[in-house]
Amino acid sequence: MGMTIGNVGLLNMVNATEESIRDIEKIENVGLVIYAKETAPLLSKLTINNIGQTLETSYQARIVNGRLLIDSAFLEAMLEPCTFLVNGLVIVAKDVTVEQLKQAVCQIVVHGSVYAPPALKGAVNLLLKTVSGSVETYTDHLPQIETTSIQLTNSYLKALPPGQLLIVNGKLELAPDLDMALFSDRIARLTINGKALLYATQEQGFYEKASIVGKVAIVPSGFQVTTRTLRLDEHSIKRFRGSSLYTTKPLLLQKGISREQLQAAFTAIHSTSYIVCHEEIEDLVYERLDRFETDVLSYSGAFRFIEKENWQQEDVEWLEANTTIVVDDTLTITEKIAENVLNEKIGTLDLFGSVYTADAAQKALLQSKLRTPEGILVDQSNQSAKNRMGNIGELTL
């Protein structure tokens, strides 16, 4: 049985052969397929459920993930015809002339946006074979690009020239003390592909500058922010005194926390994730919720929070009876384990990630324990599951 692949952003078949495609049984979805005239017949031999776009090219494609800067020196160096496939941004520098764009021998396929000086906005289309995003302009300064999670602080803004175009591919967090007058002066436009986290007092100034493809989270006034998983026991909870907590990650409250300690620690909790607590304080947690949609997962005995773990027989045997299991990411059970042992040790399963079982019996038993079925259960003994890959950004055959 061949390999089944989920979603592929870019499938490069320019140099594909009969041998290179032989082990591929099926691909679910492909955003863009590139191929040469000689390899076109091979495309029909692949089973692909959906294809967004195909492109035939006579030249070896050069793939750029991130940013491609086209300046005068770049165009002068392009003496032979070529194709650039850009997953990200194309920026045309101010020293490029219209004549250079007319004489350029390369073509560009862009999955993203293009930024050019106003005088070149029309002429840049001479280079573009296709573009999935938009062609935007910038004025005085090249766009500032951030490709990871950043916090926008006053110091960061002071290092920028006035009227800067800022592009963030990832997550942007506005510092709580951000000077919004300085923000307005230094940022001409703000483009975000990902997520933004800001405070209610910053909302108006933010939207005056920002365009976003993704999600915006607004922190209510007076809330203390945490963006990591918070594990609190009867000692660590004391550092919170009448706090209003805003969290985007799981909040884990250990069994030893008393009702009095929880009441003293939090006046309100705004969670976009979920909260795990002992049943003795469950009612107090609900009283402090600032969002109706937040899941509260209670336990009566022990609970185990799992990010990434592999379990064998002894790992299950060490669990207390009737343990509540919360899988946030991945749990892999590598051995066949007696059904009565699993049934005794695991009381409730809250699944937000993936659980991989050793056989069908394990999967069936765990399904009967599910309380929060937000993730997936996979039987690894199923041969088709073993021959499956998830999503791939770029695949060359």
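## Cysteines

A disulfide is a pair of cysteine sulfur atoms within 2.5 Å. By that test, this predicted model holds zero disulfides. Cys82 is in no disulfide, and its nearest cysteine sulfur, 4.9 Å away, belongs to Cys106. The same holds from the other side: Cys106 is in no disulfide either, with the sulfur of Cys82 as its nearest at 4.9 Å. Since the cut-off is 2.5 Å, the 4.9 Å between these sulfurs leaves the two cysteines unpaired.

Are these two residues buried or exposed? Cys82 is buried, at a relative accessible area of 3%, and Cys106 also counts as buried, at 5% relative accessibility.

## The cavity

Let's turn to the empty space inside. The structure holds one cavity of 30 Å³ or more, and the volume of the largest cavity is about 30 Å³. Its lining is made up of Leu10, Leu32, Leu85, Val86, Asn87, Val109 and His111.

Which elements give two or more residues to that lining? They are strand E5 (82-92) and strand E6 (106-116). Strand E5 gives the most, with three residues. By class, the lining of the largest cavity has five nonpolar and two polar residues, and no charged ones.

## Thr226

One more spot to look at is Thr226, which sits in strand E14 (residues 224-226). Thr226 is buried, with a relative accessible area of 10%. Setting aside neighbours within four places in sequence, Thr226 is in contact with Leu245, Tyr246, Thr247 and Thr248.

Technical notes
Residues numbered from 1 in each chain as written. Predicted model: local features only at pLDDT ≥ 70, side-chain atom pairs only at ≥ 80, totals over all residues. Heavy atoms only, no water. Buried < 20%, exposed > 50% of the residue type's maximum accessible area, 1.4 Å probe, protein only. Helix = DSSP H or I, 4+ residues; strand = E, 2+ residues; numbered from the N terminus. Contact = heavy atoms within 4.5 Å. 1 Å grid on protein atoms, 1.4 Å probe; cavity = no way out; pocket = protein on both sides within 12 Å on 5 of 7 lines; lining within 4 Å. Points joined across faces, edges and corners; volume = space filled by probe spheres on them. Nonpolar A, V, L, I, M, F, W, Y, C, P; charged D, E, K, R; others polar.
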